[in-house]
Amino acid sequence: MSQPLTARRSAPISGRVRVPGDKSISHRALILGALATGRTRIVGLLEAEDVMATARAVAALGAEATHDGGVFEVLGQGVGGLRAPDAPLDFGNSGTASRLMLGVVAGHDMRAEFTGDASLCRRPMGRVIEPLTTMGLQVEGERDTMPLTVQGTQDLIPIIYELAVPSAQVKSSILLAGLHAPGRTTVVEPLPTRDHTERMLGFFGAELKIEDRADGARAVTVCGDAELTGANLAVPGDPSSAAFLVAAALICPGSEIVIENVLMNPTRTGFFETLREMGADLEVLDLRDTGGEAAGDLRVKASALKGVRVPPERAPSMIDEYPVLAVVAAFAEGETHMVGLAELKLKESDRLAATAAGLTACGVEVRIEADDLIVRGAGSVRGGGRVETHMDHRLAMAFLTLGLGAQEPVTVDDVAMIATSFPGFVSLMSGLGAEFA
Ligand code: S3P
């Protein structure tokens with residue numbers, strides 16, 4: 001049953017908080033922990049449904065993940081040491097979990113069924129299946145959406161693969177498969193995407209080469225027959241979750257918040273860069289290194305914003321933040337033109353269409369031109385709409401955020417999916433002064 005929720009215009013948002021751990025890093029910590037020898041201890045792992053799908057999957061393959069007082073411990077089985085699951089692997093809503101785990105299963109002589117919820121079963125898997133089958137994975141029935149049954153092999157072939165779409169999930173899936181292949185597996189990405197897999201592979205002791213090319217492309221090479229050693233990791237806060245708090249503080253007059261320990265990896269900070277260009281009063285304090293990743297404390301104050309053009313090459317560094325950027329843009333003065341958003345159509349929902357529909361329902365002037373989203377901000381937003389979230393956590397959080405700054409209350413049709421990435425979102429926001437009913 002769906003769980004609607006209404007957000008209303010709020011008093012200033014204020015306080016000092018932390019957001020849950022980064023989702024991308026959390027998935028990878030569990031997976032590399034499973035492929036390492038020895039124990040991996042993870043502090044700050046995101047305990048949300050998407051990541052728990054990965055924890056269940058690695059456990060089903062023989063790498064149990066246990067939990068004790070905020071520390072997750074994975075008992076690694078070594079590269080190539082996992083066993084076939086007894087039952088289908090259910091990845092719920094998580095594209096990252098399913099695509100990365102396809103890369104892992106590819107390098108084991110095992111048959112596995114991959115399935116997920118209705119949203120995940122609509123999403124394209126061909127983008128990972130194509131390179132993985134070139135390496136030796138077999139897919140029953142030549143399907144490219146889940147449910148899928150696949151057969152991996154211990155005799156994977158290393159490849160050199162140029163990404164057709166800028167996708168960290170595809171890159172990571174191939175690199176994870178490459179750990180099992182003899183020789184070198186290279187992924188060339190025309191635009192750099194989030195690089196957590198590479199960073200963490202280095203941290204676990206894999207041999208890796210990264211080449212930044214003159215044309216902006218990046219080539220990542222992993223050496224096969226790898227040996228990974230269990231590690232201790234601390235996961236910083238998720239910037240994609242912090243984005244909703246930052247947006248709320250910007251659009252609710254008089255607000256000021258500090259979000260501690262947010263991941264500041266430059267392949268993830270496009271949203272913050274764009275907000276600064278819009279005139280946001282946003283500061284990173286105490287930038288530091290935590291286990292190969294940068295983190296800092298974000299201080300944000302309510303700001304008068306102006307519309308900007310967001311270039312297409314920035315998209316990979318803020319791909320999950322476009323719905324909430326579109327919300328912020330509605331409160332700015334002037335037009336915000338977000339260019340080159342084709343990938344948004346393939347997320348947990350068609351976020352391009354759904355973001356435009358939600359804004360229209362809230363009285364915002366918005367249009368889609370080819371793959372671009374153009375929002376005409378008028379300094380304030382009427383609100384008053386009922387927004388459809390299409391099983392998409394980020395749409396739910398983006399439009400609840402809009403409701404906090406709009407003149408009339410905004411209702412989203414279902415908040416259940418928020419648990420996939422940001423459990424506690426509503427109570428954390430309420431603690432800062434947000435009003436929901
Ligand atoms: C992710 C990569 C992105 C992003 C997703 C998480 C990852 O997807 O949208 O939420 O952890 O690798 P794509 O790589 O498909 O763009």
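**Ligand site and local backbone features**

In the predicted model, the ligand lies between domain 1 (5–21 + 236–436) and domain 2 (23–234), because both domains give residues to the shell around the ligand; the domain bounds come from an automatic or database domain assignment. Local features need pLDDT of at least 70 and side-chain atom pairs count only at pLDDT 80 or more, whereas totals for chains, interfaces and linings use all residues. Residues are numbered from 1 along each chain as its sequence is written, and side-chain values use heavy atoms, with hydrogens and water left out.

Surrounding the ligand (a heavy atom within 4 Å of it) are Ser-24, Arg-28, Thr-96, Pro-166, Ser-167, Ala-168, Gln-169, Arg-194, Ile-319, Asp-320 and Lys-347. This shell comprises three nonpolar, four polar and four charged residues, where Ala, Val, Leu, Ile, Met, Phe, Trp, Tyr, Cys and Pro count as nonpolar, Asp, Glu, Lys and Arg as charged, and the others, Gly among them, as polar. At least two shell residues are supplied by each of α1 (23–35) and α5 (168–178); helices (H or I, at least four residues) and strands (E, at least two) are DSSP runs numbered from the N terminus.

Oxygen atoms of the ligand take part in polar contacts (pairs of N or O atoms within 3.5 Å). The side chain of Arg-28 places an N or O atom 2.7 Å from a ligand oxygen. For Ser-167, a polar side-chain atom lies 3.0 Å from an oxygen atom of the ligand, while Ala-168 contributes a backbone N or O atom at 2.8 Å from a ligand oxygen. Of the 380 Å² of accessible area that the ligand has on its own, the protein covers 96% (Shrake-Rupley method, 1.4 Å probe).

Two backbone features were also identified in loops. The peptide bond from Met-146 to Pro-147 is cis, with omega near 0°, and Pro-147 is placed in the loop between β8 (138–139) and β9 (148–151). Asp-225, a residue other than glycine, has a positive phi near 45°; Asp-225 occurs in the loop between β13 (218–223) and β14 (232–234).

How values were computed. A polar contact is a pair of N or O atoms within 3.5 Å; within protein, one must be able to donate a hydrogen and the other to accept it, and residues adjacent in sequence count only if both atoms are side-chain atoms.
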